[in-house]
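Notebook open, looking for pockets today. I want to know where the open space sits and what lines it.

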Amino acid sequence: MSEPQTLVKNASDKMLKALEDNQAELEKSPEKIYSLVEDILMPYFDFEKMSKLALGKNWRQLDKEQRVQFVEEFRLLLIRTYSTAMLEYTNEEIRLLPFRDDVSRKRVTVPMEVIQPAGPSIPMALSLFQNDSSEWKVYDVKIDGISLVTNYRSSFATEIRNKGVDSLISDLAERNAKLKS
């Protein structure tokens, strides 16, 4: 198994075990999922790279402070997105599919599928790159062929065009704050 596949497998197994171990607690207090996702999955993600991809050419017009703010708000948005998906977990199995990439290219896709007990399997793929510290980090997630990052890009571009980047950042912050309360 390649290093990126091993990383994905270990993180997935750890997350599924945490969901299982905390099932009763999560049923009572679903918001506890956020800290589980943050602790277990988020260290494997590169939020700055994801932010750059989600903003596309608009990234260049952000100053340093706006970039820091955007990365943080986008990180919180993604934690919520993954957490919501994790709460719907009901004994599905995550199966890694044959890996066909060349790790020496430092950019790979790890294909997998979520096997549902009652329903069709859901194809998924994680895009990873090897950073300057030689760590493999996730920079995109595709579910059923749809990229999470490029999905946000079109809505973010529209909001920036209509209201500006500061409005996008404050809208994200507002949404994130609402969900915390």
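Which helices and strands each supply at least two residues of the lining of the largest pocket? I went through the elements of this predicted model and got three helices, H1 (3-21), H5 (64-87) and H6 (148-163), plus the strands E2 (107-115), E3 (122-130), E4 (136-143) and E5 (146-147). H1 gives the largest share of that lining, seven residues.

Next I looked up the volume. The largest pocket holds about 740 Å³ of space. It is lined by 31 residues, and closest to its centre I found Ala85, Met86, Val114, Met124 and Ile143.

Then I sorted the lining of the largest pocket by residue class: 24 nonpolar, five polar and two charged.

On to the runner-up. I noted about 210 Å³ for the second largest pocket. Which residues line the second largest pocket? I wrote down Leu19, Glu20, Gln23, Leu26 and Glu27, then Met86, Leu87, Tyr89, Thr90 and Asn91. Met86 caught my eye, as it lines this second pocket and is also among the residues closest to the centre of the largest one.

By element, H1, H2 (23-28) and H5 each bring at least two residues to the lining of the second largest pocket. H2 gives the most here, with three residues. H1 and H5 were already on my list for the largest pocket.

Last check, the classes again: I get five nonpolar, three polar and two charged residues in the lining of the second largest pocket.

How values were computed:
Residues are numbered from 1 along each chain as its sequence is written. This is a predicted model: local features need pLDDT of at least 70, side-chain atom pairs count only at pLDDT 80 or more; totals for chains, interfaces and linings use all residues. Side-chain values use heavy atoms; hydrogens and water are left out. On a 1 Å grid over the protein atoms alone, a cavity is a set of points where a 1.4 Å probe fits but cannot get out, and a pocket is an open set with protein on both sides within 12 Å along at least five of seven lines; lining residues have an atom within 4 Å of a point. Grid points are joined across faces, edges and corners, and a volume is the space filled by probe spheres set on the points. Helices (H or I, at least four residues) and strands (E, at least two) are DSSP runs, numbered from the N terminus. Ala, Val, Leu, Ile, Met, Phe, Trp, Tyr, Cys and Pro count as nonpolar, Asp, Glu, Lys and Arg as charged, and the others, Gly among them, as polar.
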